[in-house]
Amino acid sequence: MSIPPEPDSKDISKAQDQSVEYSTDFGTAFGKASPLKKAGRQTKPGSKTPDPLSTATRRAAAIEQVREKAALGEQGFEMLESEQSITYSRVGLDSGSLRRLSNGHMRPTLTLDLHGYRIDDARDSVWNAVKHGQSEGDRCLLIVHGKAGAGYKDEHGSVRGAGQALIKSHVNHWLQQLDAVLAFTSALPKDGGTGALYVLLKKKTKRA
């Protein structure tokens with residue numbers, strides 16, 4: 001068994017000189033190093049610069065929708081009878097269109113059933129149905145509002161409006177406030193009679 005020779009002192013000195021040289025070169029090249037601080041995830045996806053015109057248009061449309069929806073108030077509200085027939089049309093609508101609507105010749109392409117809805121939920125649903133219907137090019141909607149209801153609970157938990165046509169009366173009131181609605185009339189018995197309405201909408205506005 002042979003014993004390896006001890007390293008020569010010149011070799012040790014040479015290795016130490018190289019180590020000092022490497023250390024000096026690293027420091028010169030990269031400067032003083034410091035540990036990275038831990039931080040939470042802050043990565044942000046690259047965003048495209050929005051078109052100012054389209055952004056302004058969308059904002060204006062959103063404001064107008066909120067304003068119109070909020071305008072469905074209670075001023076001028078009248079309670080209707082459960083079996084009362086309803087007919088309404090805007091000034092300027094030709095009598096032929098109203099007659100075709102009331103006779104069921106304009107068949108609904110969208111139906112909204114409000115049975116079991118609270119007043120606030122019914123209002124939002126009517127507004128959304130009219131807006132959605134017009135945007136999709138629907139001309140006639142069927143809104144089933146029912147007749148006398150079970151009433152609703154007020155802030156004190158008391159039942160109010162039992163046996164009254166609350167939803168029907170409110171739907172009649174709301175539809176008259178929506179600009180997209182040209183006319184509405186009680187439906188034929190096969191579609192719900194005085195518990196439902198045919199609603200005629202304006203034609204979808206074509207974009208330039």
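Author: A residue counts as buried when its relative accessible area is under 20%. The model discussed here is predicted.

Reader: Is Phe184 buried or exposed?

Author: The cut-off for buried is under 20% relative accessible area. Phe184 has a relative accessible area of 0%, so Phe184 is buried.

Reader: Why does Tyr88 count as buried?

Author: The limit is again under 20%. Tyr88 falls under that limit because its relative accessible area is 19%.

Reader: Which strands are the edge strands of the sheet?

Author: Five strands make up an open sheet with mixed pairing, and their order is E1-E6-E7-E3-E2. An edge strand pairs on one side only, and this holds for E1 (87–89) and E2 (110–113). The edge strands are therefore the two ends of the order, given that two strands pair if DSSP finds at least two bridges between them: E1 and E2.

Reader: By what angle are neighbouring strands of this sheet turned against each other on average?

Author: The angle is an average over neighbouring strands of the sheet, and direction is ignored. Its value is 20°.

Reader: What is the bridge partner of Tyr88 in E6?

Author: Strand E1 and strand E6 (residues 181–186) pair in the antiparallel sense, over three bridges. In E6, the residue bridged to Tyr88 is Phe184.

Reader: Which helix packs on the sheet, touching E2, E3, E6 and E7?

Author: The helix in question covers residues 119–135, and its direction makes about 175° with that of E2. Besides E2, it touches E3 (140–144), E6 and E7 (196–201). It is helix H4.

Reader: How many residues apart are the two members of the aromatic pair?

Author: One aromatic pair is found in a search of the whole structure. Tyr88 and Phe184 form this stacked pair, with 5.0 Å centre to centre and 25° between the planes. Tyr88 lies in strand E1 and Phe184 in strand E6, so the pair links distant parts of the chain, strands being DSSP runs numbered from the N terminus. Their separation is 96 residues.

Reader: Which element gives the most to the largest nonpolar core?

Author: Nonpolar side chains tend to be buried together in soluble globular proteins. The largest nonpolar core here has 25 residues, and Val126, Val171, Leu175 and Val199 touch the most other members. At least two residues each come from H4, E3, helix H5 (166–175), E6 and E7. With six residues, the element that gives the most is H4.

Reader: How many residues are in the other core?

Author: This core lies apart from the largest one. Leu98, Leu101, Leu142 and Ala187 are among its members, and its residues number 12.

How values were computed: Residues numbered from 1 in each chain as written. Predicted model: local features only at pLDDT ≥ 70, side-chain atom pairs only at ≥ 80, totals over all residues. Heavy atoms only, no water. Helix = DSSP H or I, 4+ residues; strand = E, 2+ residues; numbered from the N terminus. Axes fitted to C-alpha atoms, helices over the stretch in contact; angles between N-to-C directions. Contact = heavy atoms within 4.5 Å. Phe/Tyr/Trp six-rings, centres within 6.5 Å; stacked < 30°, edge-to-face > 60°. Buried < 20%, exposed > 50% of the residue type's maximum accessible area, 1.4 Å probe, protein only. Core = buried A, V, L, I, M, F, W, Y, C linked by side-chain atoms within 4.5 Å.
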